[in-house]
Amino acid sequence: AVVSTQSTGTKTDVTLEREIENLIQTEQSEKAVSEEVVQDSTAVERKRAISEEEREEEVDLYAEHARISEEKKRKKRKKKKGIAVLSEDPTLMATGEEEEKRGITYKIMKNKGLTPHRKKEQRNPRVKHRKKFDKALKKRRSQIPDLREQGGSYGGEKSGIKSALTKSTKLR
């Protein structure tokens, strides 16, 4: 603790009282911290004891499930071979009734049978008709040339003039 002194070197009563209060507070806080540490350590020990008990229970539970699973697998193997299975485990034969029937699948529910595979475009009518229109436009363009606006003076044929080409019919 910082001790304040007068110019003469002696401590005043007020500063001594403050030092005593500070010392008392630090002792009390140290006691509280040590008590918390003791409480925490006992709580940790209790948790460890509880967790060990829980671990033992979990191990026992796991062993029981593993035994039941093995019994089921054994029954399944024997059933495949055609051997009648009598369970030695009373927990497996507790109900005495058959297992619940499984639900139907999507394939069974739709009952489509044998259908040909179709492209994704065929499954979407909007796309199908758009592609159909594009195809028709391409056909039309090959049959009828597009009309072009004449801009400015005549500049000749765009593709050039072919002297060897004749587009006429001969008369007899």
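This tour moves through three surface patches and one loop residue of a predicted model. Local features are taken at pLDDT of at least 70 and side-chain atom pairs only at pLDDT 80 or more, while totals for chains, interfaces and linings use all residues. Numbering runs from 1 along each chain as its sequence is written, and side-chain values use heavy atoms, with hydrogens and water left out.

Begin by selecting Glu-52, Glu-53, Glu-54, Glu-56, Glu-57, Glu-58 and Asp-60, which gather on the surface as a patch of negative charge. Patch members have over 30% relative accessible area and no salt bridge, with like charges joined within 9 Å and nonpolar side chains (Val, Leu, Ile, Met, Phe, Trp, Tyr) within 5 Å; a salt bridge would place a side-chain nitrogen of Lys or Arg within 4 Å of a carboxyl oxygen of Asp or Glu. Glu-56 belongs to helix 1, residues 13-81 (helices are DSSP runs of H or I with at least four residues), and is exposed at a relative accessible area of 53% (exposed means over 50%, buried under 20%, partly exposed in between, with a 1.4 Å probe and protein chains only).

Next, select Ile-104, Tyr-106, Ile-108 and Met-109, a nonpolar surface patch with about 480 Å² of accessible area together (Shrake-Rupley method, 1.4 Å probe). Ile-108 lies in helix 2.

Move on to Asn-111, in the loop between helix 2 (106-110) and helix 3 (125-143). Asn-111 has a positive phi of about 50° although it is not a glycine, and Asn-111 is exposed, at 63% relative accessible area.

Finally, select Lys-110, Lys-112, Arg-118, Lys-128 and Lys-132, which form a positive surface patch. Lys-128 sits in helix 3 and is partly exposed, with a relative accessible area of 34%.

How values were computed: Helix = DSSP H or I, 4+ residues; strand = E, 2+ residues; numbered from the N terminus. Lys, Arg positive; Asp, Glu negative; His and termini not counted. Charge placed at Lys NZ, Arg CZ, Asp CG, Glu CD.
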